Amino acid sequence: MKNIKQELKELRNNPKDVKFVELCKICEFYFGKPRQTGTSHRIYKTPWQGDPRVNIQNYKGKAKAYQVKQVLKAIERLEVEHGT
């Protein structure tokens, strides 16, 4: 089983080939449970308003590359602002 840091490294190296369920696990680790589910989108709450947003979409079992990049930016911002 990979840890979160290893998974983040893999996301940065290849944002085009990310399983949706893997990205959901990472988002839930950093942002908690999604505030919207039940559709093709999952929206996670962030401690700031606006970008980077954490809104991911399941597209044939994969996450969209631009959304993976948004998640990575949000995690970076979270780590900078909260010193983790």
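Visitor: Which handedness does the crossing of H1 and H2 have?

Guide: The crossing of H1 and H2 is left-handed. Keep in mind that we're looking at a predicted model.

Visitor: How do people describe two packed helices in general?

Guide: They give the angle between the two axes and the distance between those axes. Here, helix H1 (residues 4-13) packs on helix H2 (residues 20-31) at about 125 degrees, and their axes are 11 Å apart. H1 and H2 are therefore oblique to each other.

Visitor: Which residues make that contact?

Guide: From H1 you have Ile-4, Lys-5, Glu-7, Leu-8 and Leu-11. H2 brings Glu-22, Leu-23, Lys-25, Ile-26, Phe-29 and Tyr-30. Sorted by class, the contact of H1 with H2 has 7 nonpolar, no polar and 4 charged residues.

Visitor: At what angle do H2 and helix H3 pack?

Guide: H2 and helix H3 (residues 65-82) pack at about 20 degrees, with their axes 11 Å apart. Angles under 35 degrees count as roughly parallel, so H2 is roughly parallel to H3. The crossing of H2 and H3 is left-handed.

Visitor: And which residues in H2 and H3 meet?

Guide: On the H2 side, look for Leu-23, Ile-26, Cys-27, Tyr-30 and Phe-31. On the H3 side, find Val-68, Val-71, Ala-74, Ile-75, Leu-78 and Glu-79. The contact of H2 with H3 divides into 10 nonpolar, no polar and 1 charged.

Visitor: Let's try a loop. Is Thr-46 buried or exposed?

Guide: The cut-off for buried is under 20% relative accessible area. Thr-46 has 14%, so Thr-46 is buried. You'll find Thr-46 in the loop between strand E1 (41-43) and strand E2 (55-59).

Visitor: What is Thr-46 in contact with?

Guide: Leaving aside neighbours within four places in sequence, Thr-46 is in contact with Phe-31, Pro-52 and Val-54. A polar atom of the Thr-46 side chain also lies 2.9 Å from the backbone oxygen of Trp-48.

Visitor: Is Asp-51 buried or exposed?

Guide: Asp-51 also sits in the loop between E1 and E2. Exposed means over 50%, and Asp-51 has a relative accessible area of 54%, so Asp-51 is exposed. The C-alpha atoms of Asp-51 and Lys-33 are separated by 19 Å, with the two residues 18 apart along the chain.

Visitor: What about phi: which sign do most residues have?

Guide: Most residues other than glycine have a negative phi. Now look at Lys-60: its phi is positive, about 60 degrees, although Lys-60 is not a glycine. Lys-60 lies in the loop between E2 and strand E3 (62-63), and is exposed, with a relative accessible area of 73%.

Methods:
Residues are numbered from 1 along each chain as its sequence is written. This is a predicted model: local features need pLDDT of at least 70, side-chain atom pairs count only at pLDDT 80 or more; totals for chains, interfaces and linings use all residues. Side-chain values use heavy atoms; hydrogens and water are left out. Helices (H or I, at least four residues) and strands (E, at least two) are DSSP runs, numbered from the N terminus. Buried means under 20% relative accessible area, exposed over 50%, partly exposed in between (1.4 Å probe, protein chains only). A polar contact is a pair of N or O atoms within 3.5 Å; within protein, one must be able to donate a hydrogen and the other to accept it, and residues adjacent in sequence count only if both atoms are side-chain atoms. Contact means heavy atoms within 4.5 Å. Axes are lines fitted to C-alpha atoms, for helices over the stretch in contact, and angles run from 0 to 180 degrees between N-to-C directions. Angles under 35 degrees count as roughly parallel, over 145 as roughly antiparallel, 65 to 115 as roughly perpendicular and the rest as oblique. A crossing is left-handed if the near helix is turned anticlockwise from the far one by less than a right angle, and right-handed if clockwise. Ala, Val, Leu, Ile, Met, Phe, Trp, Tyr, Cys and Pro count as nonpolar, Asp, Glu, Lys and Arg as charged, and the others, Gly among them, as polar.
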